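Good morning, everyone, and thank you for making room for me today. Please have a look at the sequence and the structure as they come up, and then we will go through them together.

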Amino acid sequence: MIDWTDIYLWVKTLHVVAVISWMAGMLYMPRLFVYHCSAEIGSVQSETFKIMERRLYKAIMNPAMMVAWAAGLVIAWEQGFFTSGWFHAKLAAVVLMTVIHLMLGRYVRDFAADRNTRTHKFYRVINEVPTVLMIAAVIFVIVKPF
């Protein structure tokens, strides 16, 4: 017989690994954009950034986000977190993180088509948003302030 406790620990592990992978991409992608802004359109450097950005987004960030969401929702359902205030706050932070993720995907497409209109300063600011959201989510989960 399968014990839910064992499954829960594996799902929780999967969730943590997926979140770490997702956050690594969320923190690295805007840094790539900062440097891509200074690369001349059509240069080897620019084309290399395009490959790096596409692979990071499609091969790491997208799968990690999907696994983080799926495992997180399983945990929340099984543990009855949907009625907790701290979980609503954490969920809001994760929804905002997902919005930032989708924005980064749009920027990947803009760079791929050589139509970026933003400056390196914009991407430096965007780079801080996932950090703030991650800190908030961790506080909500660990401290459970409400």
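Let me begin with a question: which helices each supply at least two residues of the positive patch? Before I answer, please keep in mind that what you see is a predicted model.

The answer is helix 2, which covers residues 44-79, and helix 3, which covers residues 85-112. The positive patch lies on the surface and is formed by Arg54, Arg55, Lys58, Arg106 and Arg109, and its largest share, three residues, comes from helix 2. One member of the patch that I would like to point out is Lys58, which is found in helix 2. Why do we call Lys58 exposed? We do so because its relative accessible area is 58%, and the word exposed is kept for values over 50%.

Let us now step back to the chain as a whole. The protein chain has five helices and zero strands, so that, starting from the N terminus, you would read its elements as α-α-α-α-α. If you follow the C-alpha trace along its principal axes, it spans about 60 × 35 × 15 Å. Of the 146 residues in the protein chain, 38% are buried, while the area that the chain exposes comes to about 8,600 Å², with carbon and sulfur atoms supplying 70% of it. As for charges, the chain has 14 positive and 9 negative ones, and the mean positions of these two groups are 6 Å apart.

Contacts in this chain often link residues that are well separated in sequence: if we take the contacts between residues at least 6 apart, 77% of them join residues at least 24 apart.

A residue to look at in this connection is His36, whose place is in helix 1, residues 4-36. His36 is counted as buried because its relative accessible area is 3%, and buried means under 20%. Leaving aside residues up to four places away in sequence, His36 touches Ser46, Phe49, Lys50, Glu53 and Phe111.

My last residue is Thr48, which lies in helix 2. Is Thr48 buried or partly exposed? With a relative accessible area of 38%, Thr48 is partly exposed. If you would like to try a distance yourselves, go from Thr48 to Met97: these two residues are 49 residues apart in sequence, and from C-alpha to C-alpha they are 26 Å apart in space.

Thank you for listening.

Conventions. Residues are numbered from 1 along each chain as its sequence is written. This is a predicted model: local features need pLDDT of at least 70, side-chain atom pairs count only at pLDDT 80 or more; totals for chains, interfaces and linings use all residues. Side-chain values use heavy atoms; hydrogens and water are left out. Patches are made of residues with over 30% relative accessible area and no salt bridge: like charges are joined within 9 Å, nonpolar side chains (Val, Leu, Ile, Met, Phe, Trp, Tyr) within 5 Å. Accessible areas come from the Shrake-Rupley method with a 1.4 Å probe; for residues, only the protein chains shown count as cover. A salt bridge is a side-chain nitrogen of Lys or Arg within 4 Å of a carboxyl oxygen of Asp or Glu. Lys and Arg count as positive and Asp and Glu as negative; His and the chain ends are not counted. The place of a charge is taken as NZ of Lys, CZ of Arg, CG of Asp or CD of Glu. Helices (H or I, at least four residues) and strands (E, at least two) are DSSP runs, numbered from the N terminus. Buried means under 20% relative accessible area, exposed over 50%, partly exposed in between (1.4 Å probe, protein chains only). Contact means heavy atoms within 4.5 Å.
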